[in-house]
Amino acid sequence: MKTLIIQGSARKSGNTNKVVNYIQEKIKCDFVDLKNYTISNYEYDSRNKGDDFLPLMRRVVEYDLIIFATPIYWYAMSGIMKSFFDRITDCLKIEKETGRKLRGKQMAMINCGSDKDSVLAIEKEFEMPFRETASYLGMIYKGSVQTWINTDKVSEEVIQNLDIFIDKITK
Ligand SMILES: Cc1cc2nc3c(=O)[nH]c(=O)nc-3n(C[C@H](O)[C@H](O)[C@H](O)COP(=O)(O)O)c2cc1C
């Protein structure tokens, strides 16, 4: 299964990236860091259609499983990832053939917060935009894994959760 992880953190080699690295060591997949792209906020008149979003999206839709990896910023996905999600609207309006290619594809999500209790307390709410977006786009939502890092490495407990997640998404 052709798999892509899309990372949307404010730092390239931060905590979310540590979790992503663990997954990448376990499953063969490609990686996109949104930090490397210029993706501006959604515009109703599509004046920004010449930025990096559409060329990137044309690549993304060629994958079978797309895993979004985001830190938790103020109980929600990061701004950089939200801009990416908002821009999917361009694929429903100005480039429908790209949007249609998402139908039947799989989506999953990884988040990364700072401590277990605060991450688990918002699990369902945090997941909602991913789950519902998948449903709206005709994608199959494969679930998520909640992670947290408050030292310099990924804890054993988080690694266990990641292994369960990897099992689930690769079935
Ligand atoms: C702007 C901002 C908002 C944050 N809000 C939350 C939050 O609501 N809940 C939480 O658990 N951690 C929060 N944190 C902590 C980060 O989620 C946590 O440190 C995460 O591991 C950082 O990942 P990163 O290095 O990829 O940015 C916040 C951090 C920042 C910078």
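**View A. Tyr75, out in the open.** Tyr75 is exposed, with a relative accessible area of 58%. Keep in mind for this and every other view that the model is predicted. The loop between strand S3 (65–71) and helix H3 (79–87) is where Tyr75 sits. The backbone is worth a look too: phi of Tyr75 is positive, about 65°, although the residue is not a glycine. For background, most residues other than glycine have a negative phi. Together with Tyr73 and Trp74, Tyr75 makes a nonpolar surface patch of about 460 Å².

**View B. The ligand and its shell.** Here we zoom in on the 14 residues around the ligand, of which Ser9, Arg11, Thr16, Ile72 and Tyr73 come nearest. By type, the shell splits into 6 nonpolar, 7 polar and 1 charged. Helix H1 (15–26) and strand S4 (106–113) each chip in with at least two residues of that shell. Now for the polar contacts. Tyr73, already met in the surface patch, has a side-chain N or O atom 2.6 Å from an oxygen atom of the ligand. Gly113 uses its backbone instead, with an N or O atom 3.0 Å from a ligand oxygen. Ser114 brings a polar side-chain atom to 3.2 Å from a nitrogen atom of the ligand. On its own the ligand would expose 640 Å², and the protein buries 74% of that.

**View C. Arg87, a buried charge with partners.** Arg87 belongs to helix H3 and is buried, at a relative accessible area of 0%. What does Arg87 form a salt bridge with? The partner is Asp51, and the closest N and O atoms are 2.7 Å apart. This pair links distant parts of the chain, with Arg87 in helix H3 and Asp51 in the loop between S2 and H2, 36 residues apart. Asp51 is buried, just like Arg87. The Arg87 side chain also reaches the backbone oxygen of Asn48, at 3.4 Å.

**View D. Glu95 and Arg58, a tie across the sequence.** The side chains of these two residues, Glu95 and Arg58, meet in a salt bridge at 2.8 Å, N to O. Glu95 is in the loop between helix H4 (90–93) and helix H5 (96–100) while Arg58 is in helix H2, so the pair ties together parts 37 residues apart in sequence. The two ends sit in unlike surroundings: Glu95 is buried at 9% relative accessible area, whereas Arg58 counts as partly exposed at 41%.

**View E. More salt bridges.** Across the whole structure, a search finds 10 salt bridges. One of the pairs is Glu132 with Arg131, whose closest N and O atoms are 3.6 Å apart. Glu132 is partly exposed at 40% relative accessibility, and Arg131 is partly exposed too, at 30%. Elsewhere, Glu43, Asp45 and Arg47 are joined in a network of salt bridges.

**View F. Ser46, a positive phi under cover.** Ser46 has a phi near 55°, a positive value in a residue other than glycine. Its home is the loop between strand S2 (30–33) and helix H2 (53–60). Is Ser46 buried or exposed? At 11% relative accessibility, Ser46 counts as buried.

**View G. Ile159 and Thr147.** Ile159 is part of helix H8 (residues 156–169), and at 16% relative accessibility Ile159 counts as buried. Thr147 is 12 residues away along the chain, and the C-alpha atoms of the two are separated by 8.7 Å.

Technical notes. Residues are numbered from 1 along each chain as its sequence is written. This is a predicted model: local features need pLDDT of at least 70, side-chain atom pairs count only at pLDDT 80 or more; totals for chains, interfaces and linings use all residues. Side-chain values use heavy atoms; hydrogens and water are left out. A residue is near a molecule or strand if one of its heavy atoms lies within 4 Å of it. A polar contact is a pair of N or O atoms within 3.5 Å; within protein, one must be able to donate a hydrogen and the other to accept it, and residues adjacent in sequence count only if both atoms are side-chain atoms. Accessible areas come from the Shrake-Rupley method with a 1.4 Å probe; for residues, only the protein chains shown count as cover. Helices (H or I, at least four residues) and strands (E, at least two) are DSSP runs, numbered from the N terminus. Ala, Val, Leu, Ile, Met, Phe, Trp, Tyr, Cys and Pro count as nonpolar, Asp, Glu, Lys and Arg as charged, and the others, Gly among them, as polar. Patches are made of residues with over 30% relative accessible area and no salt bridge: like charges are joined within 9 Å, nonpolar side chains (Val, Leu, Ile, Met, Phe, Trp, Tyr) within 5 Å. A salt bridge is a side-chain nitrogen of Lys or Arg within 4 Å of a carboxyl oxygen of Asp or Glu. Buried means under 20% relative accessible area, exposed over 50%, partly exposed in between (1.4 Å probe, protein chains only).
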